[in-house]
Amino acid sequence: MPTYVAFLRAVNVGKRKYPMAELRAALDAAGYEGVETHIQTGNVLLTTPVRSRPRLEKALEELFEQDRGFVVHTIVLTPQELTQVAADAEEIAARHDAGHGHYVSLLKETPTTAGTTQIEDHGHPDETVVVRGRAVHLLYAKPYHEAKVSNVQVEKALGIATNRNAKVIRALAEKWGA
């Protein structure tokens, strides 16, 4: 059975609470195997007979909405894809100033060329945006709170996304990657 890493968007923010113990219990009860979570931001490892990423994302979103009562957009990567995102983060960080942070927005869909150009050519100095596959790397040479490009702008240009610190992506790749 295939193993996947699921990234939940906007959980444990404001009133959108989803304690990881309750998330694991819901997944176990639904028949998913090998369920593990990492920190409280909705990073989940699971094994399932489902082989279609879109079908798995839809099934997880339906399960989470039924369990929580609110929509939880979910982005799924294979362990190989996660490892590639982490490798890309290393390579991109080596070429760009990320002194004030490197974040990665994971996309639900493959980005369009027009959306990629729009987000990469944002025009804000001290902010670098690099799109690689379904990952958007946001590197800041100024404090994060001063940045103009965030996951909000990523979603406007490229659709549903969830954001993680590159350190978390690297840690997950070490733990769950292939």
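The buried residues of helix 1 (20-29) pack against strand 1, strand 2, strand 3 and helix 2 (53-68). Contact here means heavy atoms within 4.5 Å, and buried means under 20% relative accessible area, with exposed over 50% and partly exposed in between (1.4 Å probe, protein chains only). Helices (H or I, at least four residues) and strands (E, at least two) are DSSP runs, numbered from the N terminus.

A quick word on the model: it is predicted, so local features need pLDDT of at least 70 and side-chain atom pairs count only at pLDDT 80 or more, while totals for chains, interfaces and linings use all residues. Residues are numbered from 1 along each chain as its sequence is written, and side-chain values use heavy atoms, leaving out hydrogens and water.

Back to helix 1: which residues of helix 1 are buried? They are Met-20, Leu-23, Ala-26 and Leu-27. Looking down the axis of helix 1, these fall within an arc of 120 degrees (taken from the directions from the helix axis to the C-beta atoms), so they line one face of the helix. An α-helix has 3.6 residues a turn, so residues three or four places apart point the same way.

Helix 5 (residues 151-158) has Asn-151, Val-154, Ala-157 and Leu-158 as buried residues. Their arc is 125 degrees, so they too line one face of their helix. The cover over them includes strand 5 (102-107), helix 4 (113-120), strand 6 (127-132), strand 7 (135-140) and strand 8 (161-165).

Next, a pair of helices. Helix 3 (residues 79-95) packs with helix 6 (residues 166-176) at an angle of about 140 degrees, their axes 9 Å apart. Axes are lines fitted to C-alpha atoms, for helices over the stretch in contact, and angles run from 0 to 180 degrees between N-to-C directions. That makes helix 3 oblique to helix 6; under 35 degrees would count as roughly parallel, over 145 as roughly antiparallel, 65 to 115 as roughly perpendicular, and the rest is oblique. Residues making the contact include Leu-82, Ala-86 and Ala-89 of helix 3, and Ile-169, Leu-172 and Trp-176 of helix 6.

Finally, some backbone spots with positive phi:

| Residue | Phi | Place |
|---|---|---|
| Ala-10 | near 60 degrees | loop between strand 1 (3-8) and helix 1 (20-29) |
| Gly-31 | about 100 degrees | just after helix 1 |
| Ile-39 | near 50 degrees | loop between strand 2 (33-38) and strand 3 (43-47) |
| Gly-159 | near 100 degrees | following helix 5 |

Most residues other than glycine have a negative phi. Ala-10 is partly exposed, at 28% relative accessibility, and Ile-39 is partly exposed at 43%.
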